[in-house]
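Please find below a colleague's note, set out as numbered points for someone coming to this model without earlier acquaintance.

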Amino acid sequence: MEKNELIELEITALTSEGSGIGRSGGMAVFVPFTAPGDRAQVRIVKVQKSFCFGIVEQLLSPGLGRTAPDCAVFGRCGGCDLRHLTYDCELAAKRQFVQDAFDRIGGFALQAAACLPSPQRDRYRNKVQYPLAVDGQGRVFAGFFAPRSHRVVACDDCLLQPQLLNRIAAFLCGLFTEFGLPVYDEQTQKGLLRHLYLRHAARTGEVLVCIVAARDHLPREAELTSCLTSQFPEVKSVVLNCNPRSTNIILGARERVLCGTGRLADTLCGVPVELSPASFYQVNTAGAEQLYGVAKALAAPHADDVLLDLYCGAGTIGLSMAGEVAQLIGVEIVSPAIESARRAAQRMGVPARFLCADAGQAAQQLAAEGLHPSLIVLDPPRKGCDEAALAAVAAMAPQRVVMVSCNPATAARDARFLAAHGYRPTALQPVDLFARTKHVETVVLMSRAKE
């Protein structure tokens, strides 16, 4: 196989990154934006020792799971990965992503259940982060980074975001252009405006607007805020976040409230939540309620349980079960999230203990104190649990461990660790929280094996 060679290829499956895969001349060929069953003429663009990458030159015959993308910038904006698939095909693929991870990485003989569909396939995101750029006429526009680049692709109406957020972004870009506010240039590190970061409370319809800039002051910021809130009464808070660093991280360490409280109130699974720009919150509110419902069903909390919620964020999962257990302890390293969890517990009248600490260190400390929770919930970031946390979980010997993960590979790895310490996976449920993208949530129940 050589670079620029044209081959005819049948796509037989999808990788967890969303690319189609076929085989030619004994080599695996990965081709983005293809569907299982596609036959295509493919140009080889990169060759490795045992695999290569290609792009579609011509679709010869479509697979049964293929559909016409309904977005003009699909494939260019770096957002959706699977908009060329029917939704049934997408759900089947996501179930297979989870199954493959638990087969290959975990080594388990456990069948994943059918992937639960998202309650909404479009317009479901309650958060959007738009990078800003300038077009050839000097007009500021919002969009998304093209794949593997920082080139901003304009997107007037992203189908993953509520139309309200898209309209707010377009209106603000018009004001930025009218006021002559310069956009930050990553190459020269000059300019002012970097990102628009919008959050939407699904239960109230209220919006928080965060403008990320290279300095802590905007020219005519009072006028800009007044124009925005007059045009969109849904905007209850406007925050200016200052990020002067040359970094891929969107938010800086300093922020200033231009109007409102700087927070957004919402409710998830009956738990009151306060959101700042930096708060972690599942981007699909209705989908998150379904996900946490699955976690609760598998956890099967009862009145004698002591529940330890590690990586608890704002405490939503634990607090949704708090009325059904004897004791709740939550651990999270992000201080504002823990403060939000404590306030939520107080408003709910729930006696809960929330610790602001690293999950691994806190779990080790709690184990050393002799805590023996009967139920542990793990909801780690994409990199998964650290080994110290897993070792402490095993040392505390709970009857049940429920893991919620946005990364099937790290979930399978962590489940394998627990399996080596006396646990076995008894339920594996994929849940689609990120429709039209390659991402999938996984809930796995680990039960302590009988002596």
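1. Glu274 counts as buried, at 19% relative accessibility, although the carboxylate takes part in salt bridges. In this predicted model, Glu274 forms one such bridge with Arg347, the closest N and O atoms being 3.5 Å apart. This pair links distant parts of the chain, since Glu274 belongs to strand β15 and Arg347 to helix α6 (residues 335–348), 73 residues apart. Arg347 itself is partly exposed, with a relative accessible area of 46%.

2. Glu274 has another partner in Arg263, with which it forms a salt bridge whose closest N and O atoms are 3.5 Å apart. Here too distant parts of the chain are linked: Arg263 sits in the loop between β13 (254–259) and β14 (264–268), while Glu274 lies in β15 (residues 271–275), eleven residues away. Arg263 counts as partly exposed, at 44% relative accessibility.

3. A further salt bridge brings together the side chains of Lys296 and Glu324, at 2.6 Å from N to O. Because Lys296 is in helix α4 (residues 285–299) and Glu324 is in the loop between α5 (316–321) and β17 (327–332), the pair ties together parts of the chain that are 28 residues apart in sequence. Both ends can be placed on the accessibility scale: Lys296 is partly exposed at 26%, and Glu324 is partly exposed at 34%. Salt bridges that share partners also join Glu90, Lys94, Asp432 and Arg436 into one network. The structure holds 23 salt bridges.

4. How many disulfides does the structure hold? There are zero, and two of the cysteines may serve to illustrate this. The sulfur of Cys80 has its closest cysteine sulfur in Cys158, 6.0 Å away, which is too far for a bond. For Cys89 the closest cysteine sulfur belongs to Cys115, at 12 Å, again too far for a bond. Cys80 is buried, with a relative accessible area of 12%, and Cys89 also counts as buried, at 15%.

5. Cys89 appears again among the contacts of Pro36, a residue of the loop between β4 (27–31) and β5 (39–47). Leaving aside residues up to four places away in sequence, Pro36 touches Ile11, Thr12, Ala13, Leu14, Gly63, Leu64, Gly65, Leu85 and Cys89. One of these, Leu85, is 49 residues from Pro36 in sequence, yet the two C-alpha atoms are 9.2 Å apart in space. Pro36 counts as partly exposed, at 25% relative accessibility.

6. The two strands that flank the Pro36 loop both belong to an open sheet of six strands, which has mixed pairing and runs in the order β1-β5-β6-β4-β3-β2. At its edges stand β1 (6–10) and β2 (13–14), each with a single partner strand, so that one side of each is left without a neighbour in the sheet. The partner of β1 is β5, and the two pair in the antiparallel sense over five bridges. Within this pairing, the bridge partner of Leu6 in β5 is Arg43.

7. Turning to the nonpolar interior, the largest nonpolar core has 130 residues, of which Phe102, Ile168, Phe176, Val209 and Leu378 touch the most other members. Helix α2 (residues 163–179) gives the most to this core, contributing nine residues. Phe102 can be followed in detail: apart from residues up to four places away in sequence, it touches Gly107, Phe108, Pro408, Ala411, Ala412, Ala415, Leu428, Thr442 and Val444. A second core, separate and made up of ten residues, includes Ile11, Met27, Val29 and Val42.

8. Which residues of helix α8 (residues 387–396) are buried? They are Ala389, Leu390, Ala392, Val393, Ala394 and Met396. The elements that cover the buried residues of α8 include β16 (306–310), α7 (359–368), β19 (375–378), β20 (400–405), α9 (408–419) and β21 (423–431). The helix is followed by Ala397, whose phi is positive, near 55°.

Conventions. Residues are numbered from 1 along each chain as its sequence is written. This is a predicted model: local features need pLDDT of at least 70, side-chain atom pairs count only at pLDDT 80 or more; totals for chains, interfaces and linings use all residues. Side-chain values use heavy atoms; hydrogens and water are left out. A disulfide is a pair of cysteine sulfur atoms within 2.5 Å. Buried means under 20% relative accessible area, exposed over 50%, partly exposed in between (1.4 Å probe, protein chains only). Helices (H or I, at least four residues) and strands (E, at least two) are DSSP runs, numbered from the N terminus. Contact means heavy atoms within 4.5 Å. Two strands pair if DSSP finds at least two bridges between them. A salt bridge is a side-chain nitrogen of Lys or Arg within 4 Å of a carboxyl oxygen of Asp or Glu. A nonpolar core is a set of buried Ala, Val, Leu, Ile, Met, Phe, Trp, Tyr and Cys residues joined through side-chain atoms within 4.5 Å.
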